[in-house]
Amino acid sequence: MKKLITVVITLFFTLAATVKGAESIPLSYLAVEANSGKVLYSHNAEVERPISSLAQVATALVALDWIERTKVELNRIIVVPQEAYTIQVGNPMNLRPGDRITLRDALYSTLLGADNVSAVTIANFVGRDLVFRRGGGQPISQFVHEMNLLAKSLGMKRTTFAAPHGLDSSYSASTSCAVDMALLGMYAMQNSAFCFIVRQPNRQIGIQTLTSNTPQIFNVTNTNSLLNTAGVDGIKTAKASMAGPCLLLSVTRNAYVVSNGSVPQRLIIVVLGTSQRYKIARSLITPSWKLWERWYKAGANTTNPKEFLTFPAKVTPQTASSFGSL
């Protein structure tokens with residue numbers, strides 16, 4: 001996407017690609033008002049790049065959609081699979097194969113703590129049900145297939161999910177761009193359960209391990225350091241060597257009137273590949289609101305489709321996956 005509005009903010013143009021392992025890819029950012037789809041700021045927003053554990057947003061959304069359709073209880077106990085042996089980073093609770101956790105707590109640890117093992121545990125649990133219903137395949141592969149179907153249905157044309165976790169080795173790196181991550185964020189914040197989880201500052205989680213007769217209690221802290229500042233109510237951070245530090249942010253304020261009622265004004269801000277992710281995101285909030293107000297008060301002109309991010313027709317929080325056949 002071409003830069004829609006020329007922005008002279010010295011900070012943005014003095015920043016090179018700022019993290020070791022990601023020097024060859026320029027930083028990307030985008031700010032969009034979610035309900036109108038009006039793009040407010042955009043820079044390198046279509047550059048494809050690794051996204052690390054921002055992929056876990058799709059992991060959670062596929063799982064939540066499956067939960068909604070199957071009516072499985074969130075307090076269902078799920079078991080850490082053997083695949084956890086291969087995960088050396090992003091395991092804040094030191095989960096091991098055979099340990100047990102509730103589906104609810106696995107979602108919390110994934111979204112708040114960028115927990116790769118919890119993400120794989122969710123994918124394995126849901127994937128096993130898909131294999132049973134569809135008569136074959138590998139559980140995690142089936143789950144990742146659903147993640148990519150979700151991306152396709154949302155119009156995420158430059159996204160490929162390779163795994164449910166946030167690892168970014170050469171064989172497991174999920175790739176996307178700021179435009180596609182904004183679409184995913186816009187979609188995610190329509191899901192009430194997702195919204196509730198990502199706005200929590202922390203969560204106490206109980207794990208039943210193979211080596212202990214009593215549950216171990218962990219406090220998982222939300223990695224989003226901007227949470228509850230300047231209207232920030234989500235979504236997720238990510239950081240890995242190939243992707244660099246990344247941020248997908250939701251910012252809300254007072255509601256405004258639309259054709260079918262009123263909705264909160266919501267910014268979705270994406271910053272990819274820079275250690276200055278928080279500084280850039282924070283610097284975009286106030287100017288983005290001012291640009292949106294100016295456009296809205298001037299009549300909210302929508303004649304130029306290049307200035308908007310929109311979903312394909314008929315996408316709703318319950319229709320983006322392929323679970324309709326379950």
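In this predicted model, Asp129 is a buried residue, having a relative accessible area of 17%, which falls below the limit of 20% under which a residue is called buried. Its partner is Arg133, and the two form a salt bridge in which the closest N and O atoms are 2.6 Å apart. Because Arg133 and Asp129 are 4 residues apart in helix H4, about one helical turn separates them. Arg133, unlike the buried Asp129, counts as partly exposed, with a relative accessibility of 42%.

**A second bridge, between two helices**

A salt bridge also joins Glu146 and Arg134, again with 2.6 Å between the closest N and O atoms. Here Glu146 belongs to helix H5 and Arg134 to helix H4, so the pair ties together parts that lie 12 residues apart in sequence. Glu146 is buried, with a relative accessible area of 0%, whereas Arg134 is partly exposed at 33%.

How do the two helices lie with respect to each other? The axes of H4, which covers residues 116–134, and H5, which covers residues 139–153, come within 7 Å and cross at roughly 95°. The helices are therefore roughly perpendicular to each other. On the H4 side the contact is made by residues including Val120, Ala123, Leu130, Val131 and Arg134, and on the H5 side by Pro139, Ile140, Gln142, Phe143 and Glu146. Sorted by class, this contact has 8 nonpolar, 3 polar and 3 charged residues.

**A third bridge, between a strand and a helix**

The side chains of Arg253 and Glu293 meet in a salt bridge as well, at 2.6 Å from N to O. This pair links distant parts of the chain, since Arg253 lies in strand E10 (residues 244–258) and Glu293 in helix H8 (residues 277–297), 40 residues apart. Arg253 counts as partly exposed at 29% relative accessibility, and Glu293 likewise counts as partly exposed at 27%.

The table sets out these three pairs, which are among the 9 salt bridges counted in the model.

| Salt bridge | Closest N and O atoms |
|---|---|
| Arg133 and Asp129 | 2.6 Å |
| Glu146 and Arg134 | 2.6 Å |
| Arg253 and Glu293 | 2.6 Å |

**The chain as a whole**

The secondary structure of the chain comes to 8 helices and 11 strands. Of its 326 residues, 56% are buried, and the accessible surface comes to about 14200 Å², with 51% of that area belonging to carbon and sulfur atoms. Among contacts between residues at least 6 apart in sequence, 66% join residues that are at least 24 apart.

Terms used
Residues are numbered from 1 along each chain as its sequence is written. This is a predicted model: local features need pLDDT of at least 70, side-chain atom pairs count only at pLDDT 80 or more; totals for chains, interfaces and linings use all residues. Side-chain values use heavy atoms; hydrogens and water are left out. Axes are lines fitted to C-alpha atoms, for helices over the stretch in contact, and angles run from 0 to 180 degrees between N-to-C directions. Angles under 35 degrees count as roughly parallel, over 145 as roughly antiparallel, 65 to 115 as roughly perpendicular and the rest as oblique. Contact means heavy atoms within 4.5 Å. Ala, Val, Leu, Ile, Met, Phe, Trp, Tyr, Cys and Pro count as nonpolar, Asp, Glu, Lys and Arg as charged, and the others, Gly among them, as polar. Buried means under 20% relative accessible area, exposed over 50%, partly exposed in between (1.4 Å probe, protein chains only). Accessible areas come from the Shrake-Rupley method with a 1.4 Å probe; for residues, only the protein chains shown count as cover. A salt bridge is a side-chain nitrogen of Lys or Arg within 4 Å of a carboxyl oxygen of Asp or Glu.
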